[in-house]
Amino acid sequence: MKKAEVTAFLSLIFILLVTFIGGIMESASVQMAKNYRRTDVNRAMESVFAEYQKELLENYDIFSLDGTYESGRYSEGLVKKRLEYYGADHIENTFRRIQFLTDNGAEAFYEQVMYYMENKYGLNHLKDKFSMTDTWRVQEEKADKYEKESHEKEEELNGLLGEAGGNLPSQDNPIAHVSQLKEKSLLELIMPKGRAVSGKKINLDNSLLRREKNKGYGDFSDVAAGSSPWSSLVFGEYLLGHFSMATDKEAKGTLDYELEYICAGKESDRENLETVAGKLLLIRFAANYIFLQNSPSKRAEAEALALTLCSLAALPALCQAAAQVILLSWAFGESVVDLRALLNGSRVPFTKTEATWQLSLAGLMKLGESGDVSDGKDSGEGLYYKEYLRMLLFLEKKEKISMRALDMVELNLQKVYGMKFFKADCCISRIEVKSSVRLRRGITYEFQTYYGYN
């Protein structure tokens with residue numbers, strides 16, 4: 001090979017090598033520019049989400065970014081300006097998806113509660129309660145069943161009395177007495193002596209379940225936590241630890257009975273407590289009626305009294321029907337005493353025994369009268385009011401209790417902590433941003449950045 005040919009060949013190789021090295025350097029330079037831009041947006045996103053609402057975290061252990069920036073009006077532009085402020089300027093940022101605490105039945109709020117409870121407490125301390133959840137569901141079904149049965153047996157007795165053209169005597173008649181008690185306000189029967197019912201109210205027209213809410217968009221199922229069989233129970237534990245109830249000595253929220261509102265969703269403390277008390281009355285009524293049906297001594301008392309009343313009315317054939325309604329009336333009276341005990345801070349066993357039964361038939365006739373002294377004693381075993389609320393919270397629908405809990409959060413931050421701008425449906429939980437940036441020589445780089453509170 002001639003010298004000139006060798007020189008040309010080597011020159012070509014050198015040119016190729018330089019071109020190759022230049023291409024690698026250019027590629028590395030472009031990749032470095034991409035990394036810088038991605039880092040800029042990552043840093044900006046982390047800085048924006050570091051501006052979480054402090055009072056929300058301190059009082060309710062929930063992370064969220066106030067999308068109104070204390071203005072009371074949400075705007076994506078406000079969030080984008082903060083991204084630019086923290087270094088994502090000269091970059092075109094578009095929100096691909098965004099989630100607020102209230103979206104999809106307060107899904108983000110619910111998930112954060114799960115993370116918080118599991119990381120702080122674990123699940124071991126709830127193991128004994130997991131086994132009770134099936135019993136709670138069965139008890140709810142029994143409450144509905146026996147409430148219906150109570151009405152049917154009362155109507156049956158009234159029908160038989162109508163056919164016979166007679167009436168049972170009113171004196172020493174627990175059926176007539178309990179019928180009169182049921183016409184009274186339940187709170188009049190169960191509130192401990194000397195304790196007044198709170199008169200606080202809220203406006204439900206502005207509640208999260210009624211008002212037009214700010215809504216996010218996009219699907220976050222790829223990063224959302226899956227539901228678990230015990231999630232409702234865990235969520236209830238969070239509520240019990242962060243909100244007040246009727247047996248608390250001090251309550252400084254917008255409502256005094258916050259847990260009762262979460263269970264019932266009424267506008268006043270009085271209505272909420274009465275609704276919750278009505279639910280607990282049915283649950284206790286079912287358990288008490290089952291005990292009476294299985295207690296030979298109590299059934300004998302009811303049958304003896306029914307025989308006396310029917311004999312005085314010259315209607316002995318109605319003795320069995322009357323005895324059943326007496327048992328139902330007795331179960332109602334015992335349930336009233338149970339609620340008095342619970343509101344007094346005492347324990348009531350889920351299932352009664354002869355030793356823990358409190359109300360006699362004679363005491364039933366005094367219930368609600370001036371000589372009524374049946375305040376309900378602590379049985380030394382059983383469940384407190386708080387634990388009965390745990391059951392109601394577990395049985396309530398997830399979306400309702402989540403939204404009502406956020407109602408309480410929103411109202412308390414607005415009125416108790418002076419944050420009038422705060423709106424739960426403007427609290428951002430997750431964002432994914434699509435960024436587009438021009439690098440050089442017509443190269444455009446697009447990428448996505450996700451950030452969320454978990």
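Trainee: Is the crossing of α12 and α13 left-handed or right-handed?

Mentor: In this predicted model, α12 and α13 cross in a right-handed way.

Trainee: Why is α12 called oblique to α13?

Mentor: Helix α12 (residues 296-312) packs against α13 at an angle of about 125°, and their axes are 8 Å apart. Angles over 145 count as roughly antiparallel and 65 to 115 as roughly perpendicular, with the rest oblique. The angle of about 125° fits neither range, so α12 is oblique to α13.

Trainee: Which residues make that contact?

Mentor: Among them are Leu305, Ala306 and Leu309 of α12, and Ile326, Leu327 and Trp330 of α13. By class, the contact of α12 with α13 has 12 nonpolar, one polar and four charged residues.

Trainee: What makes α6 oblique to α13?

Mentor: The axes of α6 (residues 133-164) and α13 (residues 319-343) come within 9 Å and cross at roughly 140°. Roughly antiparallel would need an angle over 145, so α6 counts as oblique to α13. The crossing of α6 and α13 is left-handed.

Trainee: How do you know that Cys319 is not bonded to Cys310?

Mentor: A disulfide needs cysteine sulfur atoms within 2.5 Å. The closest cysteine sulfur to that of Cys319 is in Cys310, 5.4 Å away, so the two are too far apart for a bond. The count by this rule is zero disulfides.

Trainee: Why is Cys319 called buried?

Mentor: Buried means under 20% relative accessible area. Cys319 has 12% relative accessibility, so Cys319 counts as buried. Cys263, at 2%, is also buried.

Methods:
Residues numbered from 1 in each chain as written. Predicted model: local features only at pLDDT ≥ 70, side-chain atom pairs only at ≥ 80, totals over all residues. Heavy atoms only, no water. Axes fitted to C-alpha atoms, helices over the stretch in contact; angles between N-to-C directions. Helix = DSSP H or I, 4+ residues; strand = E, 2+ residues; numbered from the N terminus. Parallel < 35°, antiparallel > 145°, perpendicular 65-115°, else oblique. Left-handed = near helix turned anticlockwise from the far one by under 90°. Buried < 20%, exposed > 50% of the residue type's maximum accessible area, 1.4 Å probe, protein only. Contact = heavy atoms within 4.5 Å. Nonpolar A, V, L, I, M, F, W, Y, C, P; charged D, E, K, R; others polar.
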